Structure formats: structure tokens, C-alpha cells
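Here's an informal walk through the charged pairs, the helix packing and a few individual side chains. Have the structure open while you read.

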Amino acid sequence: MAVSYKKLWKLLIDKDMKKKDLCAKAGISPASVTKMGRNGHVTTESLLKICTALNCRIEDIIEICPEHEKSL
């Protein structure tokens with residue numbers, strides 16, 4: 001299974017936020033945002049901080065996809 005953060009990036013656009021704004025508001029490192037930009041794995045603590053900062057649920061920022069979609 002692969003992880004996709006497309007929903008997070010769409011949410012940031014809708015909220016007129018940049019990735020650096022997310023780092024500041026959620027208290028997460030730029031390295032975590034970089035990992036998410038590459039659809040990599042981050043800690044659940046980071047995901048919780050993002051959800052709290054953006055006042056959203058986990059399914060609003062992350063999607064689990066079948067492995068074959070990872071290469072798309």
C-alpha cells in the first residue's frame with residue numbers, strides 16, 4: 001500500500017497556505033513536509049499536529065492507495 005498526501009496539498013491551497021505556513025502553524029519540521037511531498041511516511045504525531053492545526057480529520061489529508069498507484 002502507498003500513501004498519498006494530495007488531499008493535504010489541496011486543503012492547503014483551499015486555505016491559501018504555503019508549506020512553510022503549515023510547518024509554523026502545526027509545529028512540524030520542514031523535513032516532515034518534504035517527506036510528505038514525496039509521499040513518504042511520517043509519524044502519526046506529525047499527522048495529528050497537522051489535523052489539529054487545520055481543524056480537520058485524518059481522512060481529509062491522507063489517502064491509502066494500492067501500490068500500483070504509487071508510480072502514477
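## Salt bridges and helix packing

Glu-45 and Lys-49 form a salt bridge, with their closest N and O atoms 3.8 Å apart. Keep in mind that we're looking at a predicted model here. Why do Glu-45 and Lys-49 end up about one helical turn apart? Because they are four residues apart in helix α4, which covers residues 44-54. As for solvent, Glu-45 is exposed, at a relative accessible area of 51%, while Lys-49 is partly exposed, at 32%. The cut-off for exposed is over 50%, so Glu-45 makes it with its 51%.

How many salt bridges does the structure hold? Three. As a general point, side chains of opposite charge can pair when their charged atoms come close. Here's the set:

| Salt bridge | Closest N and O atoms |
|---|---|
| Lys-10 with Asp-14 | 2.9 Å |
| Glu-45 with Lys-49 | 3.8 Å |
| Arg-57 with Glu-59 | 3.1 Å |

The Lys-10 and Asp-14 pair sits in helix α1 (residues 6-14), and being four residues apart there, the two are separated by about one helical turn. Asp-14 counts as exposed, with 52% relative accessibility. In the pair formed by Arg-57 and Glu-59, Arg-57 is exposed, with a relative accessible area of 53%, whereas Glu-59 is partly exposed, at 36% relative accessibility.

What about the aromatic rings? The structure holds zero aromatic pairs. There is a charge over a ring, though: Lys-19 lies over the face of Trp-9, at 4.5 Å from the ring centre. If you want a distance to go with Lys-19, try Arg-38: the C-alpha atoms of these two residues are separated by 13 Å, and they lie 19 residues apart along the chain. Arg-38 itself is found in the loop between α3 and α4. Is Arg-38 buried or exposed? Exposed, with a relative accessible area of 68%.

Now for the packing. Two packed helices are described by the angle between their axes and the distance between the axes. For helix α2 (residues 19-26) and α4, the axes come within 9 Å and cross at roughly 95°. Angles from 65 to 115 degrees count as roughly perpendicular, and α2 and α4 are therefore roughly perpendicular to each other. Which residues meet where these helices touch? On the α2 side you'll find Leu-22, Lys-25 and Ala-26, and on the α4 side Lys-49, Ile-50, Ala-53 and Leu-54. Lys-49 thus turns up twice, once in this set of contacts and once as the salt-bridge partner of Glu-45.

Finally, have a look at two serines. Ser-32 is found in helix α3, residues 30-37, and Ser-46 lies in helix α4. Ser-32 is buried, with a relative accessible area of 14%, and Ser-46 is buried too, with 10%. Since buried means under 20% relative accessible area, the 14% of Ser-32 qualifies, and so does the 10% of Ser-46. Which residues does Ser-32 contact, leaving aside its neighbours within four places in sequence? Val-42 and Ser-46. With the same neighbours set aside for Ser-46, its contacts are Ile-28 and Ser-32.

How values were computed
Residues are numbered from 1 along each chain as its sequence is written. This is a predicted model: local features need pLDDT of at least 70, side-chain atom pairs count only at pLDDT 80 or more; totals for chains, interfaces and linings use all residues. Side-chain values use heavy atoms; hydrogens and water are left out. Rings of Phe, Tyr and Trp (its six-membered ring) pair if their centres lie within 6.5 Å; planes under 30 degrees apart count as stacked, over 60 as edge-to-face and the rest as tilted. A charge sits over a ring if NZ of Lys or CZ of Arg is within 6 Å of the ring centre and within 35 degrees of the ring normal. A salt bridge is a side-chain nitrogen of Lys or Arg within 4 Å of a carboxyl oxygen of Asp or Glu. Buried means under 20% relative accessible area, exposed over 50%, partly exposed in between (1.4 Å probe, protein chains only). Contact means heavy atoms within 4.5 Å. Axes are lines fitted to C-alpha atoms, for helices over the stretch in contact, and angles run from 0 to 180 degrees between N-to-C directions. Angles under 35 degrees count as roughly parallel, over 145 as roughly antiparallel, 65 to 115 as roughly perpendicular and the rest as oblique.
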